[in-house]
Amino acid sequence: RLWQRLNDLQPERPMVYICQVPWAEMNVNNELSLFCESDLGKSIEIELRRTLYAWRRFRVDMVVEPVIRCPLEIKDSGFGIQQSGRKEKFYESSIVAQSFVPQVKNEQDLEKIKDPKVEVDWESTKKKAEVLEEVFQGILPVKISGIRGMWFAPWDELVRWYGVQEVLQDLVLRPDLVHAAIDRLVCACLARLNQYEKLGLLESNNGAVRVGSGGLGFTTSLPHAGNLGIQPSEMWGCAAAQIFAGISPEMHEEFALTYELRWLERFGLNYYGCCEPLHHKLHILRKIPRLRKVSFSPQADTSHAIEQGGGIDFVLSVKPNPAIFAGTYWDVEEARRQLQKILVKTRGYAVE
């Protein structure tokens with residue numbers, strides 16, 4: 001109910017959500033150790049163990065659904081081009097340090113970016129569901145689950161093939177090539193979305209589903225969660241262009257937002273942004289149809305956002321600085337001061 005009030009721009013209080021936990025560093029007393037042997041068993045067990053771990057230790061405004069979800073078996077051919085470069089892994093985390101070898105250097109190279117081909121193995125999905133139904137019989141119902149929202153950040157993808165320094169230079173030196181590159185990739189993303197829709201794979205994210213890079217998606221502005229086969233217009237959409245953190249609003253609109261709008265216009269409500277500061281770009285973001293949430297990273301000026309209607313016209317999705325966890329010792333008072341500073345500044349507004 002409280003998430004719904006927030007997302008309907010009628011908040012009762014700020015909502016709190018903790019995500020992107022460094023799970024590889026969190027296994028105390030074997031609470032996250034897996035004992036299942038099959039891939040299916042492991043995939044379910046890790047979600048159950050992480051849910052319980054979070055519920056016990058940092059529950060905040062979690063919502064836990066009384067259901068076991070069996071994901072569809074979806075095969076996707078991808079974009080036909082693979083990231084090239086060095087990766088260095090730290091600890092047992094999925095996070096890696098990366099370097100990128102440019103593979104897009106001219107217009108001919110754009111032919112490497114293909115439209116994905118999507119297929120569904122319904123028979124395999126059904127067999128998985130039957131196994132889970134047997135395991136959880138009398139405990140929790142099992143539901144075959146589709147695609148509940150998509151992370152749409154084409155620039156996050158393109159920069160891996162183009163190169164960071166190379167693409168930022170070419171915004172000035174070869175703008176026609178950059179336009180052609182992002183156009184090709186967005187067309188490929190839309191081709192995938194069209195297949196999702198045609199195959200009936202989409203499922204509502206109006207519920208206990210993280211939307212964009214923010215909190216949960218409960219709202220009365222979209223149809224309530226139901227079965228597979230809905231339209232994008234019944235869902236939350238999102239977009240982000242994190243590599244454009246230091247790019248002017250004008251160039252952000254020209255090279256990112258203009259293309260992202262082709263995706264965002266398909267959705268019923270929209271979330272924008274992630275780690276890039278956006279307080280000085282709200283005037284261009286207002287061109288997004290049905291914009292409901294905007295991300296405010298630690299570098300963003302929340303006061304300026306409020307002056308521009310943030311927290312009234314759209315939810316302020318505020319990210320406190322996670323560096324508080326990286327100090328020599330845990331300074332809980334400093335963490336409290338940082339949160340209080342945000343809460344005082346955003347008092348009375350729609351904020352998560």
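Let us begin on the surface, where V16, I18 and V60 together make a nonpolar patch of about 220 Å². Keep in mind during this tour that the structure is a predicted model. I18 sits in the loop that runs between α1 (2-7) and α2 (39-57). With a relative accessible area of 41%, I18 is partly exposed, because the partly exposed class lies between the cut-offs of 20% and 50%. V60 belongs to another loop, the one between α2 and β1 (68-71). V60 also counts as partly exposed, at 40% relative accessibility.

V60 deserves a second look for its backbone. Its phi is near 35°, a positive value in a residue other than glycine. N30 is another residue to look at in this way: N30 is not a glycine, yet its phi is positive, at about 60°. You will find N30 in the loop between α1 and α2.

Right beside V60 in the sequence comes D61, which leads us to the salt bridges. How many salt bridges does the structure hold? There are 23. In one of them D61 pairs with R13, and the closest N and O atoms are 2.8 Å apart. D61 lies in the loop between α2 and β1 while R13 lies in the loop between α1 and α2, so this pair ties together parts that are 48 residues apart in sequence. Are the two partners buried or exposed, or something in between? D61 is buried, with a relative accessible area of 12%, whereas R13 is partly exposed at 35%.

Now follow the chain onward to a second pair, D76 and R192, whose side chains meet in a salt bridge with an N to O distance of 2.9 Å. Here too distant parts of the chain are linked: D76 is in strand β2 (residues 74-76) and R192 is in helix α6, 116 residues apart. D76 is partly exposed, with a relative accessible area of 31%. R192, at 18% relative accessibility, counts as buried, because buried means under 20%.

A third pair is made by E352 and K293, whose side chains meet in a salt bridge at 2.6 Å, N to O. This pair again links distant parts of the chain, with E352 in the segment after α10 (332-345) and K293 in strand β9 (residues 291-296), 59 residues apart. Both E352 and K293 are buried.

Salt bridges can also join up into a network, and this model has one that links E65, R69, K143, R148 and E203. From R148 in that network we can step across to M235. Their C-alpha atoms are separated by 8.3 Å, although the two residues are 87 residues apart along the chain. M235 lies in the loop between α6 and β7 (236-239). M235 is buried, with a relative accessible area of 0%.

Our next stop is a pocket, and R192 will turn up again. The second largest pocket has a volume of about 440 Å³. It is lined by 21 residues, and those closest to its centre are F79, W151, A153, E157 and R192. So R192, met above as the salt-bridge partner of D76, is among the residues closest to the centre of this pocket. Which elements give two or more residues to the lining? They are α4 (154-162) and α6 (175-199). Of these, α4 gives the most, with five residues. Sorted by class, the lining has twelve nonpolar residues, five polar ones and four charged ones.

Finally, turn to G80, the residue that follows F79 in the numbering. G80 lies in the loop between β2 and β3 (87-89). At 52% relative accessibility, G80 counts as exposed, because the exposed class begins over 50%. G80 and Q108 are 28 residues apart in sequence, and their C-alpha atoms are 14 Å apart in space.

Conventions. Residues numbered from 1 in each chain as written. Predicted model: local features only at pLDDT ≥ 70, side-chain atom pairs only at ≥ 80, totals over all residues. Heavy atoms only, no water. Patch = residues over 30% accessible without salt bridge, like charges linked within 9 Å, V, L, I, M, F, W, Y side chains within 5 Å. Areas by Shrake-Rupley, 256 points an atom, 1.4 Å probe, with all protein chains shown as cover. Salt bridge = Lys/Arg side-chain N within 4 Å of Asp/Glu carboxyl O. Helix = DSSP H or I, 4+ residues; strand = E, 2+ residues; numbered from the N terminus. Buried < 20%, exposed > 50% of the residue type's maximum accessible area, 1.4 Å probe, protein only. 1 Å grid on protein atoms, 1.4 Å probe; cavity = no way out; pocket = protein on both sides within 12 Å on 5 of 7 lines; lining within 4 Å. Points joined across faces, edges and corners; volume = space filled by probe spheres on them. Nonpolar A, V, L, I, M, F, W, Y, C, P; charged D, E, K, R; others polar.
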